[in-house]
Amino acid sequence: MKQFLSFVRKEFRHVLRDRRVLLILFGMPVVQVLLFGFALSNEIKNTKVVIVDYAKDYASQQITTKIGASRYFEIEKNLLTHEELLSAFKKGEIKEAIVFPAKFAQNLADNKQAQVQIITDASDLNASNQIVSYLTNIIQNYEAEQNELQEVPYRIIPETRMLYNPELKGAPNFVPGVMALVLLLVCVLMTAVAIVKEKETGTMEVLLVSPMKPWTIIVSKATPYLILSLVDLISILLLSVFVLDVPVQGNLLLLLAESTLFIVTCLMLGILISIQTSSQQVAMLIALIGMLMPAMMLGGFMFPIENMPYALQLISNLIPSKWYYIIVKNVMIKGAGFSAVWKETLILGVITLMLFFVSLKKFKIRLQ
Amino acid sequence: MRTLKILLQKEVRQIFRNKIILRIATIMPIMQFLILPLAANFEIKNINLVFVDHDHSVDSRKLLSDITSSGYFRLIDYNNTFDAAYKYIETDKADVVLEIPAGFEKNLMREGKQQIFIAFNAINGTKAGLGAGYLRTILGNYNKDIIVQLAPSVKSKQESGINVVPLDWFNSQRDYKLALIPGILGMLVTLLSCFLTALNIVKEKEIGTIEQINVSPIRKSDFILAKLIPFWILANVVFTLGLFLCYFLYHIVPVGNLLVLYAFVAVYLLAILGFGLLVSTYSETQQQSMFIMFFFVMIFILLGGLFTPIESMPHWAQLITKLNPLAYLIKVIRMVMLMGSGFKDILPQLEVVAIMAVVLNAWAVFNYKKKV
């Protein structure tokens with residue numbers, strides 16, 4: 001035990017001495033969670049919309065005013081020819097245009113039918129989806145106002161409730177996702193160099209001839225980083241509650257316990273990388289180039305996992321941040337108890353144990 | 001000039017000798033490019049539905065079949081209490097609960113209107129919003145059907161309407177692969193360039209070989225250039241491989257001229273590699289360098305406008321994207337590959353990235369001090 005503690009103390013000194021890394025470790029997750037918590041959403045705001053009005057009558061103008069009054073759009077009124085419109089799109093200046101054909105109001109009055117075209121830049125499909133749905137909504141509202149005089153029989157009135165996130169904000173989805181992503185990469189990156197650095201600088205030899213057991217080395221390497229990560233976690237949680245307005249609905253202790261488990265999983269993954277590689281460079285490149293994009297794209301918070309091909313869904317099961325994202329969503333946002341997340345907890349626990357034992361097995365007690 | 005040649009020789013040798021790094025730098029991005037695009041799909045379908053029917057009438061059953069046959073919803077469970085259905089939402093098994101109250105059919109016939117209750121799991125706001133939209137449309141059509149059945153005279157009055165025709169330019173199939181894959185390629189090339197260069201100079205510092213450079217008459221700019229050029233070529237090779245995969249594997253045929261894209265990428269890579277070298281000159285250890293780079297790369301990627309549109313960010317975040325080189329790359333890749341924009345169209349973006357390239361590289365040269 002005394003041996004273990006003194007080794008932990010040695011590791012702590014190493015970590016605390018590098019002020020810059022320390023600053024980055026504490027500063028980075030905080031800045032990132034803040035930045036992405038505020039910046040990431042899928043709700044379009046104040047996009048420029050070009051009105052191509054060949055009709056210039058009261059109906060087209062009323063709709064235009066309605067569009068301008070909504071918080072989603074800013075009117076850029078221009079009557080452009082098709083060529084001008086196309087070149088404005090190609091320059092990337094505009095993303096959408098509404099075309100009112102000639103005699104719009106007249107058609108609406110006489111034939112009870114009129115057409116509006118919404119042109120969107122579908123090369124940015126997410127934005128295009130939102131734009132079409134907002135514009136359609138505005139036009140339908142206008143239509144409903146016009147038709148209000150006619151009472152429609154046999155109406156089904158849907159009463160819709162948006163649970164957990166009544167204003168449909170981005171933060172309740174992105175905060176757990178970014179938390180999982182940032183913690184995963186920071187923790188893996190920290191321990192990925194831990195052992196390989198000793199190999200590279202030659203101090204590994206000293207460790208190997210000491211009476212330390214491999215498991216003590218692994219555990220004591222991870223301990224200081226566990227404490228640092230917990231400090232990170234607490235600052236992220238404070239930010240999300242007090243700044244981002246995403247409160248912890250469930251049991252705080254449960255959330256902290258689950259987070260600790262996830263952090264240990266990531267630290268063990270880093271240790272395994274560190275044991276398997278021969279230089280810091282390789283270890284860090286594997287940790288970052290190898291994990292950043294897969295963790296982001298298969299972690300569940302960016303793309304819905306149920307849409308992926310089956311093989312990819314299986315691969316996504318290997319990514320620890322996926323499970324942690326589910327846990328945080330359930331405990332923090334929905335306020336669920338342990339019974340809702342025991343399965344995910346068990347999976348994380350099994351992954352952690354496996355990583356630990358594989359690391360132990362791969363740990364070479366001899367220099368090559 | 002001769003010094004540069006010799007330095008280049010040294011760098012290239014170092015790169016090719018370290019087979020592991022070379023493999024990580026080329027095979028890993030390509031492997032990811034083979035797998036990850038399959039995940040890139042924002043399409044909202046298979047919304048899991050629990051249908052709670054207290055009425056058990058012909059009408060309520062018709063509504064259910066209308067909803068399930070729309071293709072957007074997948075029925076998970078039917079005919080339960082609301083509390084049991086709510087459990088499904090709590091455990092993430094369902095996204096939406098629809099409750100038909102008892103007397104639904106009777107009230108609809110007798111009083112002409114009837115409420116139904118819908119509860120969405122709205123943690124993912126986009127999904128819930130779109131799902132609610134689909135349900136609105138289905139209910140609207142269902143209403144029309146009933147009116148046709150029961151009151152054909154009203155129907156003719158209802159005809160009047162504005163027909164909204166969405167036109168999806170540049171991606172008429174509304175294919176997410178087309179919208180996302182070229183951008184993902186840009187991201188992978190950026191990752192590779194940033195991390196490799198960020199590690200490079202600082203490694204020489206850490207193992208001490210930088211002293212030999214420092215005491216030699218090598219000019220600072222030659223040193224930086226010699227670090228830059230090999231990675232520039234490597235990144236171009238990976239980018240080209242990626243374009244081949246785009247064409248042969250994902251069948252994305254570039255609409256515009258690829259030379260325009262290459263011209264932009266050439267300048268872009270100078271900027272992003274310069275940034276990597278700059279970070280490297282500021283760091284003392286490889287670990288520091290990697291952490292700093294990781295911080296910036298996350299910002300580049302998440303504020304790059306590929307996964308969430310730049311238009312949806314708050315104003316201050318949009319200003320940050322103006323300093324984000326990757327945002328320009330993603331925009332230009334989309335413009336050239338999908339919209340067929342020409343050299344003139346991308347000129348404003350090219351200018352900004354060119355300024356970034358000059359500033360970042362000059363800064364890196366300036367910041368590299370030939371002393372320890």
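The questions and answers below concern a predicted model of two chains, A and B.

Q: Why is B:Tyr176 called partly exposed?
A: B:Tyr176 has 18 other C-beta atoms within 10 Å. Because a residue counts as buried at 20 or more such atoms and as exposed at 12 or fewer, B:Tyr176, with its 18, falls in between and is therefore called partly exposed. This residue is found in helix α8 of chain B.

Q: What makes B:Tyr176 a residue in contact with A:Leu125?
A: Contact requires that the C-beta atoms, placed from the backbone, lie within 7 Å, and A:Leu125 is among the residues in contact with B:Tyr176 once neighbours within four places in sequence are left aside. The others are B:Ala40, B:Asn41, B:Phe42 and B:Glu43. With B:Glu43, the C-alpha to C-alpha distance is 7.6 Å, although the two residues are 133 apart in sequence; the 7 Å cut-off applies to C-beta atoms, so the C-alpha value of 7.6 Å does not conflict with the contact.

Q: How do you know that strand β5 of chain A pairs with strand β4 of chain B?
A: Pairing calls for at least two bridges, and nine bridges join β5 (residues 155–163) of chain A to β4 (residues 113–121) of chain B, so these strands count as paired, and they run parallel. At one position in this pairing, A:Arg155 stands opposite B:Lys113. Strand β4 of chain A likewise pairs in the parallel sense over nine bridges with β5 (residues 161–169) of chain B, where the bridge partner of A:Gln115 is B:Asn163.

Q: What makes strands β3 and β4 of chain A a pair, and in which sense do they run?
A: Strand β3 (residues 96–100) and strand β4 (residues 113–121) share four bridges in the antiparallel sense, and since at least two bridges are needed, the condition is met. Within chain A, A:Val99 stands opposite A:Gln117 of β4.

Q: How do you know which kind of residue the side of chain A that touches chain B holds?
A: The contact takes 96 residues from chain A and 100 residues from chain B. On the chain A side, the residues divide into 54 nonpolar, 25 polar and 17 charged.

Q: What makes A:Leu185 a member of the largest nonpolar core?
A: Such a core is a set of buried residues of types that include Leu, joined through C-beta atoms within 7 Å. The largest core has 231 residues, and A:Leu185, A:Val188, A:Leu189, A:Leu288 and B:Phe195 touch the most other members. Helix α8 (residues 176–207) of chain B gives the most to this core, with 18 residues. Leaving out residues up to four places away in sequence, A:Leu185 touches A:Met291, A:Leu292 and A:Ala295, and also B:Phe294 from the other chain. In soluble globular proteins, nonpolar side chains tend to be buried together.

Q: How do you know that chain A departs from the compact globule rule?
A: For 368 residues, a compact globule would have a radius of gyration near 21 Å, whereas chain A has 28 Å. The C-alpha atoms of chain A fill a box of roughly 95 × 45 × 40 Å along the principal axes. Chain A is divided into domain 1 (11–40 + 168–362) and domain 2 (47–146), and their C-alpha centres lie 46 Å apart. In chain B, the corresponding assignment gives domain 1 (7–40 + 172–367) and domain 2 (47–158), with C-alpha centres 49 Å apart.

Conventions
Residues are numbered from 1 along each chain as its sequence is written. Chains are lettered from A and ligands numbered from 1 in the order in which they are written. This is a predicted model: local features need pLDDT of at least 70, side-chain atom pairs count only at pLDDT 80 or more; totals for chains, interfaces and linings use all residues. Ala, Val, Leu, Ile, Met, Phe, Trp, Tyr, Cys and Pro count as nonpolar, Asp, Glu, Lys and Arg as charged, and the others, Gly among them, as polar. Helices (H or I, at least four residues) and strands (E, at least two) are DSSP runs, numbered from the N terminus. Domain bounds come from an automatic or database domain assignment. The radius of gyration is taken over C-alpha atoms; the globule rule is 2.2 Å times the number of residues to the power 0.38.
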